[in-house]
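User: I'd like to learn how to read charged contacts in a protein model. Could you take me through an example?

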Amino acid sequence: MNLTISDRKLSLCSVLCFCFVMACAGATHAQCVQDPVMVDLLTGKIIGSNPLITTTSAPTDSDGDGWLEAVFTINVDKGCRCANIAVEYEGTPSGWTVNIGDSPTNNGFGGDSSGSPDSEAEAQVLDQALSVYNSFNPSIDPPGTVDRIFHQELALTNGAAKFVVCDQYLSYGQPHGVLQTPAIKRLFALPDPAVGNSLIFAGFNRVVSGPGSRIGQGARRVTMSLQ
């Protein structure tokens with residue numbers, strides 16, 4: 001088949017347009033910075049950097065027990081869909097070692113410490129038990145209502161736990177399990193319509209807000225990344 005000059009120009013234009021579209025798509029996808037950040041909660045050393053993972057409360061030993069507590073903010077935005085959080089334990093953990101929520105005032109046991117408009121879904125590891133609490137919906141929930149929608153005893157002595165947090169989705173393990181609420185909107189809201197952001201807050205060896213006496217020990221290393 002022979003192409004005319006006009007046909008050749010059209011073909012070249014199509015190829016260039018296709019390449020431009022693919023390049024733009026690639027650039028959009030590349031906005032999700034997936035570089036991992038690791039923190040050692042005995043030494044306080046933070047390895048790696050990611051502009052979407054920031055230190056909210058630097059590693060601090062507030063009670064002098066030798067274990068550091070820290071809080072990070074993970075921005076599940078810029079083309080990202082989910083936050084990955086892997087926690088390695090040393091010895092047998094006690095107290096609050098993991099507190100993950102979509103409100104900066106999450107402080108354990110669901111809800112938060114200030115009544116902010118955030119969705120306030122929350123997951124926590126207290127001693128060796130994982131509990132997940134649903135978000136508060138002011139249009140249907142009586143004031144002060146907090147529902148624990150999941151509870152499971154874990155074996156964490158010298159072990160590890162991984163969490164993947166997405167919009168209305170939480171996976172955890174080991175053993176691996178998944179919670180999803182796409183229809184009723186009761187888990188993490190990414191983005192959160194109440195505040196217009198896609199932030200996840202994660203406290204280690206403490207709850208996110210406070211922490212007051214809600215601290216713990218045993219979470220040794222935490223690795224965070226995005227996907």
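User: Thanks! Let's begin with one side chain: is Arg 220 buried or exposed?

Analyst: Happy to help, and please keep in mind that this is a predicted model. The general idea is to compare relative accessible area with a cut-off, and buried means under 20%. Arg 220 has a relative accessible area of 13%, so the residue counts as buried.

User: Which residue forms a salt bridge with Arg 220?

Analyst: For a salt bridge, look for a side-chain nitrogen of Lys or Arg within 4 Å of a carboxyl oxygen of Asp or Glu. Here Arg 220 pairs with Asp 40, and their closest N and O atoms are 2.9 Å apart. Arg 220 sits in strand S13 (residues 216-226) and Asp 40 in strand S1 (residues 37-40), so this pair ties together parts that are 180 residues apart in sequence. Asp 40 is buried too, with a relative accessible area of 8%.

User: What other salt bridge does Asp 40 form?

Analyst: Asp 40 also forms one with Arg 221, where the closest N and O atoms are 3.9 Å apart. This pair again links distant parts of the chain, with Asp 40 in strand S1 and Arg 221 in strand S13, 181 residues apart. Arg 221 is partly exposed, at 29% relative accessibility.

User: Where does Glu 88 lie, and which parts does its pair with Arg 221 tie together?

Analyst: Start with the contact itself: Glu 88 and Arg 221 form a salt bridge, their closest N and O atoms being 3.9 Å apart. Glu 88 belongs to strand S5 (residues 83-101) and Arg 221 to strand S13, so the pair connects parts that are 133 residues apart in sequence. Glu 88 is partly exposed, with 36% relative accessibility.

User: Which residues do the salt bridges that share partners join into one network?

Analyst: The trick is to follow each shared partner from one pair to the next. Doing that here joins Asp 40, Glu 88, Glu 90, Arg 220 and Arg 221 into one network. The structure holds four salt bridges.

User: Let's finish with an uncharged side chain. Where is Ser 103, and is it buried or exposed?

Analyst: Ser 103 is in the loop between S5 and strand S6 (122-126). Ser 103 is buried, at 0% relative accessible area. The side chains of Ser 103 and Thr 105 are joined by a polar contact of 3.0 Å.

Terms used:
Residues are numbered from 1 along each chain as its sequence is written. This is a predicted model: local features need pLDDT of at least 70, side-chain atom pairs count only at pLDDT 80 or more; totals for chains, interfaces and linings use all residues. Side-chain values use heavy atoms; hydrogens and water are left out. Helices (H or I, at least four residues) and strands (E, at least two) are DSSP runs, numbered from the N terminus. Buried means under 20% relative accessible area, exposed over 50%, partly exposed in between (1.4 Å probe, protein chains only). A polar contact is a pair of N or O atoms within 3.5 Å; within protein, one must be able to donate a hydrogen and the other to accept it, and residues adjacent in sequence count only if both atoms are side-chain atoms.
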